[in-house]
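The exercises below concern a single protein chain. Each task is followed by a solution that proceeds step by step.

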Amino acid sequence: MKKNRIFLMLLAAASVRGAADAQPVIHPTPQSLVVNGGMRKAIEPETRIGAPDVEPRSGAYNITISADGARIDAFDDRGLFYGLETWRRIAAQSPADSLPLLTLRDWPELERRGVVEGFYGTPWSHDVRLSLIDFYGRNKLNTYIYGPKDDPYHSSPNWRKPYPPEQARQIRELVEACRRNYVDFVWAIHPGKDIRWTEEDRNNLVRKFENMYDLGVRSFAIHFDDIEGEGTNPYRQCDLVNYLTENFVNTHPGVQPLAVCPTDYSRLWANPTENGASAIYGRTLDPQVQVMYTGDVVCSDLTAETMQWFNALIRRPGFYWWNWPVTDYARNHLLMGPALGLDTTLTRADVAALVSNPMEQGEASKLGLYGVADYAWNPAAYVPERAWEFGLRDLMPECADAFRTFAIHNADSETGYRRPESWTVETFRIGDGKAAKGWQPLMDEFQRIAAAPEAIRRGCTNEQLLAELEPWLVEFEKLGRRGIAVMELIRDYKTIAPEEFNERWRRAYMTADERRAYLAHKSGSLLLQPFIDRALDDLAATNQILAPTAN
């Protein structure tokens, strides 16, 4: 298998990481960090908000540690929050009772950075949402859009109704958790399936926004995605959004400008002419309204070219809704690889916001979100494998190597938005020139795969994350053991008796029940399981046995 250059860098990371350990490993990657050498005794920093030498944008801060003391200067409260988080990371990575002498200037490039809970399937639990909000704060993500498709009070049939008391209480708790973490809680409504373009439904929307405002919500979005019929009319959509801007946003203290997801949210089916929905949005919507977009197709890379195309139509920087690592189109997979496909030349002049739409496994989605956070903070310095490696160690410090093995072989979706997977190994066909050289490395990898699940169970302290991974861990261990059995048979098939060969071959071949279990929670589907299947077919042909037909 031809290896992508970025993944060859991953293989070399372990050998070069020691050279970088002289500087603190800070996530997200800062804009400017200079370590001046030497160490000083650990102290508490002085703090100051509104310092003139700090970059003038929300979230910006400077840290100085010198012989004279330590200070955090921040542009605003959010900047101080971020500065203190970076300070804690520097202290945690430094020797006991000492700190490096350094100067750091830091600020976010993209103004809005975060997550949209916008997938189809089981919405996140309340506890997972709270855990994720704390994660957003620690990693300098500032936006959480609440828009689960299967919440009936966000969408049809109950978007006109207030939340029942218990769900309203949970919304209030989420808003408060976001406030503590300097995250904007954006409540989204999805009315387009059955909206009536009447004064009554306009009032219903205002009333629902009022209800959410009373729960503490100060940021709102309207989603017109994935609908049909009269609700798709872009002129009506613009009229409604402008009406809400004038009669709700501009009349309620503290409310941020609206964001809207149009029906034509992908370039794939958008009309690029002046009569298309995007151009109608561009010349009709209030300029402060942000417009969401998923790129060239529903799940696609963020590129300069696709943003230039969209921005020219909507006449403002687009709000990028990145459908990764979402798996509602491939729910038998986990997408645990690095966050690839993000153009590092883009700035806030090109992209108003970046939000990731994750998996319904919220805790497992954190691994990909390290990359989202690192990129959105400082695109120019973004290195996908560096953020991914940081996430592996941060999520599972006691078993990061085992977690890395698991993640490497759980990265591709098999359909739609394809991702590299199993990039650390090469496979071969029995009898080809690679077999002799490739046997031992592949055998070693299957042994690591078989051992990884138990190491993760012992070392992972996040019980919810472990529960999300468990069905895949079960199948991952089976994958490793199948691979070991096949590799041993490849080694021995020329020298063992036919009866022993047949018995070992049939043990390695999945039964119908085993195949169904694998298909429900796939691992290694891009390279490793296909290798096992091909190898068994080749071995069967070599030894003239008939594969079982039950599968």
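**Exercise 1.** In which loop is glutamate 414 found? Determine also what its backbone and its accessibility show.

*Solution.* The model is a predicted one.
Step 1: Glutamate 414 lies in the loop between α11 (400–408) and α12 (435–459).
Step 2: Its phi is positive, about 70 degrees, although glutamate 414 is not a glycine.
Step 3: Most residues other than glycine have a negative phi.
Step 4: The relative accessibility of glutamate 414 is 32%, so the residue counts as partly exposed; the partly exposed class runs between 20% and 50%.

**Exercise 2.** Carry out the corresponding analysis for aspartate 226.

*Solution.* Step 1: Aspartate 226 occupies the loop between β9 (219–223) and α6 (234–247).
Step 2: Although not a glycine, aspartate 226 has a positive phi of about 55 degrees.
Step 3: Because its relative accessibility is 34%, aspartate 226 counts as partly exposed.

**Exercise 3.** Assess the chain as a whole: what radius of gyration would a compact globule of 551 residues have, and what value does the chain have?

*Solution.* Step 1: For 551 residues, a compact globule would have a radius of gyration near 24 Å.
Step 2: The chain has 26 Å, which agrees with that expectation.
Step 3: Along the principal axes, the C-alpha atoms fill a box of roughly 85 × 70 × 45 Å.
Step 4: The secondary structure comprises 16 helices and 13 strands.
Step 5: Of the 551 residues, 57% count as buried.
Step 6: Among contacts with a separation of 6 or more, 77% come from residues 24 or more positions apart.
Step 7: About 22,400 Å² of the chain is exposed, and carbon and sulfur atoms supply 51% of this area.
Step 8: There are 62 positive and 75 negative side chains, and the centres of the two sets lie 2 Å apart.

**Exercise 4.** Test the length of helix α3 against the expected rise, and identify its buried residues and their partners.

*Solution.* Step 1: Helix α3 covers residues 126–138, which is 13 residues.
Step 2: At 1.5 Å a residue, α3 should span 18 Å.
Step 3: The end C-alpha atoms of α3 are 19 Å apart, which agrees.
Step 4: The buried residues of α3 are His126, Val128, Arg129, Leu132, Ile133, Phe135, Tyr136 and Gly137.
Step 5: For reading such a list, an α-helix has 3.6 residues a turn, so residues three or four places apart point the same way.
Step 6: The buried residues of α3 pack against the helices α2 (77–93), α4 (165–180), α9 (362–377) and α13 (463–492), and also against the strands β6 (112–117) and β7 (143–146).
Step 7: After α3 comes lysine 140, with a positive phi near 65 degrees.

**Exercise 5.** Which residues do the cis peptide bonds at proline 28 and proline 157 join, and where are these prolines placed?

*Solution.* Step 1: Histidine 27 and proline 28 are joined by a cis peptide bond with omega of about -5 degrees.
Step 2: Proline 28 is in the loop between α1 (5–20) and β1 (32–41).
Step 3: Serine 156 and proline 157 are likewise joined by a cis peptide bond, here with omega of about 10 degrees.
Step 4: Proline 157 belongs to the loop between β7 and α4.
Step 5: As background, most peptide bonds are trans.

**Exercise 6.** Is methionine 336 buried or exposed, and which residues does it contact beyond its neighbours within four places in sequence?

*Solution.* Step 1: Methionine 336 is located in the loop between β12 (318–322) and β13 (351–356).
Step 2: Its relative accessibility is 0%, so methionine 336 counts as buried, the cut-off being under 20%.
Step 3: Leaving aside neighbours within four places in sequence, methionine 336 contacts residues including Met359, Trp388, Phe403, Phe406 and Leu469.

**Exercise 7.** Is leucine 473 buried or exposed, and how is valine 298 classified?

*Solution.* Step 1: Leucine 473 is part of helix α13.
Step 2: With a relative accessible area of 0%, leucine 473 is buried.
Step 3: Not counting residues up to four places away in sequence, leucine 473 touches Phe406, Pro453, Ile456, Arg457 and Leu466.
Step 4: Valine 298 lies in the loop between β11 (290–293) and α8 (304–314).
Step 5: Valine 298 counts as partly exposed because its relative accessibility is 28%.
Step 6: Beyond neighbours within four places in sequence, the contacts of valine 298 are Tyr265, Ser266, Trp269 and Asn323.

Technical notes. Residues numbered from 1 in each chain as written. Predicted model: local features only at pLDDT ≥ 70, side-chain atom pairs only at ≥ 80, totals over all residues. Heavy atoms only, no water. Helix = DSSP H or I, 4+ residues; strand = E, 2+ residues; numbered from the N terminus. Rg over C-alpha atoms; globule rule 2.2 N^0.38 Å. Buried < 20%, exposed > 50% of the residue type's maximum accessible area, 1.4 Å probe, protein only. Contact = heavy atoms within 4.5 Å. Areas by Shrake-Rupley, 256 points an atom, 1.4 Å probe, with all protein chains shown as cover. Lys, Arg positive; Asp, Glu negative; His and termini not counted. Charge placed at Lys NZ, Arg CZ, Asp CG, Glu CD. Expected span 1.5 Å × (residues − 1).
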